[in-house]
Amino acid sequence: MKCVICNSPNIEIKEVEEEIQIENDIVLIPVKVHVCLQCGERYYDRKTIRKLEKIEKEIRTNVANLQPIGKVVRVPETV
Ligand SMILES: [Zn+2]
């Protein structure tokens, strides 16, 4: 397997956190994906994509088991 972006053969399975946004919330989902060590491109297999879709659906229907880890905040105005 070679990276389609940079042509590097250095691709490894790594545990990463995939970030999905649901309205104003950001949900991190730990997944194992192939990652190009050179440019960081991630390659998702069908199983992982299905898992992400399933979790997103669970979040939208409020049945997912979510654990709060912090807040996303914004400074109200530019100074
Ligand atoms: Zn690459």
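Helix H1 sits largely in the open, because none of its 15 residues is buried: the number is zero. Keep in mind that this is a predicted model. H1 reaches 21 Å from its first C-alpha to its last, close to the 21 Å expected at 1.5 Å a residue. Just after H1 comes Asn62, with a positive phi near 65°.

So much for the helix; now for the rest of the chain. There are one helix and three strands, and from the N terminus on the order is β-β-β-α. The radius of gyration is 16 Å, well over the 12 Å that the globule rule gives for 79 residues, so the chain is more spread out than a compact globule. If you lay the C-alpha trace along its principal axes, the spans are about 45 × 40 × 15 Å. Burial is scarce here: 1% of the 79 residues count as buried. As for contacts with a separation of 6 or more, 45% of them join residues 24 or more positions apart.

**The sheet**

The three strands make an open sheet, ordered S1-S2-S3, with antiparallel pairing. At the edges are S1 (11–22) and S3 (42–43), each of which pairs on one side only. Helix H1 (residues 46–60) packs on this sheet and touches S1 and S2, its direction making about 175° with that of S2.

How many bridges hold each pair of strands? S1 and S2 pair over twelve bridges, while S2 (residues 25–36) and S3 pair over two. For a couple of concrete partners, Gln21 stands opposite Ile26 in S2, and His34 has Tyr43 in S3 as its bridge partner. In general, strands of a sheet pair through backbone hydrogen bonds.

Is strand S1 buried or in the open? It lies largely in the open, because of its twelve residues the number buried is zero.

**A closer look at Glu18**

Glu18 is a handy residue to click on in S1. It is partly exposed, because 16 other C-beta atoms lie within 10 Å, and a residue needs 20 or more to be buried. Leaving aside residues up to four places away in sequence, Glu18 touches Ile29, Val31 and Leu52. Glu18 and Pro30 are twelve residues apart in sequence, yet 6.1 Å apart in space, C-alpha to C-alpha.

**Positive phi values**

Most residues other than glycine have a negative phi. Here are some residues that have a positive one.

| Residue | Phi | Place |
|---|---|---|
| Asn7 | near 70° | segment before S1 |
| Glu23 | about 55° | loop between S1 and S2 |
| Asn62 | near 65° | follows H1 |

Glu23 belongs to the hairpin of S1 and S2, which has two residues between the strands. What about the surroundings of Asn7 and Glu23? Asn7 counts as exposed because it has 10 C-beta neighbours inside 10 Å, and Glu23 counts as exposed because it has 7 inside 10 Å. The cut-off behind both calls is 12 or fewer.

Notes
Residues numbered from 1 in each chain as written. Predicted model: local features only at pLDDT ≥ 70, side-chain atom pairs only at ≥ 80, totals over all residues. Pairing = 2+ DSSP bridges. Helix = DSSP H or I, 4+ residues; strand = E, 2+ residues; numbered from the N terminus. Contact = placed C-beta atoms within 7 Å. Axes fitted to C-alpha atoms, helices over the stretch in contact; angles between N-to-C directions. Expected span 1.5 Å × (residues − 1). Rg over C-alpha atoms; globule rule 2.2 N^0.38 Å.
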